[in-house]
Amino acid sequence: FTTKTGQGTIFWVDLPLAEQKTNGWSLPDASALAFVSRNDEVVEGYSILHVEEDLDFSNMLAAALHGRAHVTIARTLADAKVILRSRLFDLVVIDIGMPDGSGLDLLKSIKGLGAPEPKVMILSAQEPPPSVTKKVAKVIVKSRVHENIIVRSIMDVLNQHKKEGES
């Protein structure tokens, strides 16, 4: 949601598309919902790929970053790889525990993208091994921090990435 003083609050609700079948209505399977993108209006700012199976968490993060970044959500590693080959991102935020493998496996795919390479942040319930921590811009364990700290950390990584690109 977004709130503007004196203007009110706008709430977003994401609903899956239903498909009409001969015997009634049904929802598409979870993989059909993988390419959810929040903040569809053009945002001057950063582009983030959030690799996270928990759509509610991703939507919360996208809402918190509204107006500062465009957040694209991939709910599987397979979808993340397709999206990474089709667009450039400033930051890739990865959850380690994904339904189709470890989010850490995505690090190899990101390294193979070429320049400009996005920054990578691990945002997971699991703490990665120290060898991985050295390879990414930031690691946050979800259960240990508040949403505001997550957003501030993301913006810090993005702003640092921008400064590095300018020099």
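Here is a short briefing on the fold, the charged pairs and a few single residues of this protein. The model is a predicted one. It holds five helices and eleven strands, and 41% of its 167 residues are buried. A search of the whole structure turns up four salt bridges, and a patch of positive charge sits on the surface.

**Overall build**

- Let's start with the secondary structure: the protein has eleven strands alongside five helices.
- Of the contacts between residues at least 6 apart in sequence, 59% join residues at least 24 apart.
- The exposed area comes to about 9800 Å², and carbon and sulfur atoms supply 53% of that area.
- Buried residues account for 41% of the 167 residues.

**The buried salt bridge and its network**

- Lys 142 and Glu 52 form a salt bridge, with 2.7 Å between their closest N and O atoms.
- Lys 142 lies in the loop between β11 (138–141) and α5, while Glu 52 lies in the loop between β5 (46–51) and α1 (55–64), so this pair ties together parts that are 90 residues apart in sequence.
- Both partners are on the inside of the scale, as Lys 142 is buried and so is Glu 52.

**Salt bridges with more exposure**

- Lys 111 pairs with Glu 117 in a salt bridge, at 3.2 Å from N to O.
- Lys 111 has a relative accessible area of 48% and is therefore partly exposed.
- Glu 117 also counts as partly exposed, because its relative accessibility is 32%.
- Another salt bridge brings together the side chains of Glu 127 and Arg 144, at 3.0 Å from N to O.
- Glu 127 sits in the loop between β10 (119–124) and α4 (130–133) and Arg 144 in the loop between β11 and α5, so the pair links parts that are 17 residues apart in sequence.
- Glu 127 is exposed, and Arg 144 is exposed too.
- Turning back to the buried pair, salt bridges with shared partners join Lys 142, Glu 52 and Asp 95 into one network.

**The positive patch**

- Four residues gather in the patch of positive charge on the surface: Lys 81, Arg 85, Lys 108 and Lys 135.
- One of them, Arg 85, belongs to helix α2, which covers residues 77–86.
- Arg 85 counts as exposed because its relative accessibility is 62%.

**Ala 137 and its surroundings**

- Ala 137 is located in the loop between α4 and β11.
- With a relative accessibility of 41%, Ala 137 counts as partly exposed.
- Setting aside neighbours within four places in sequence, Ala 137 is in contact with Lys 119, Val 120 and Val 157.
- Met 121 is 16 residues from Ala 137 in sequence, and the C-alpha atoms of the two are 5.6 Å apart in space.

**Asn 159 in helix α5**

- Asn 159 is part of helix α5, which runs over residues 147–166.
- The relative accessible area of Asn 159 is 33%, so this residue is partly exposed.
- Asn 159 and Asp 90 are 69 residues apart along the chain, and their C-alpha atoms are separated by 9.9 Å.

How values were computed
Residues are numbered from 1 along each chain as its sequence is written. This is a predicted model: local features need pLDDT of at least 70, side-chain atom pairs count only at pLDDT 80 or more; totals for chains, interfaces and linings use all residues. Side-chain values use heavy atoms; hydrogens and water are left out. Patches are made of residues with over 30% relative accessible area and no salt bridge: like charges are joined within 9 Å, nonpolar side chains (Val, Leu, Ile, Met, Phe, Trp, Tyr) within 5 Å. Accessible areas come from the Shrake-Rupley method with a 1.4 Å probe; for residues, only the protein chains shown count as cover. Lys and Arg count as positive and Asp and Glu as negative; His and the chain ends are not counted. The place of a charge is taken as NZ of Lys, CZ of Arg, CG of Asp or CD of Glu. Helices (H or I, at least four residues) and strands (E, at least two) are DSSP runs, numbered from the N terminus. Buried means under 20% relative accessible area, exposed over 50%, partly exposed in between (1.4 Å probe, protein chains only). Contact means heavy atoms within 4.5 Å.
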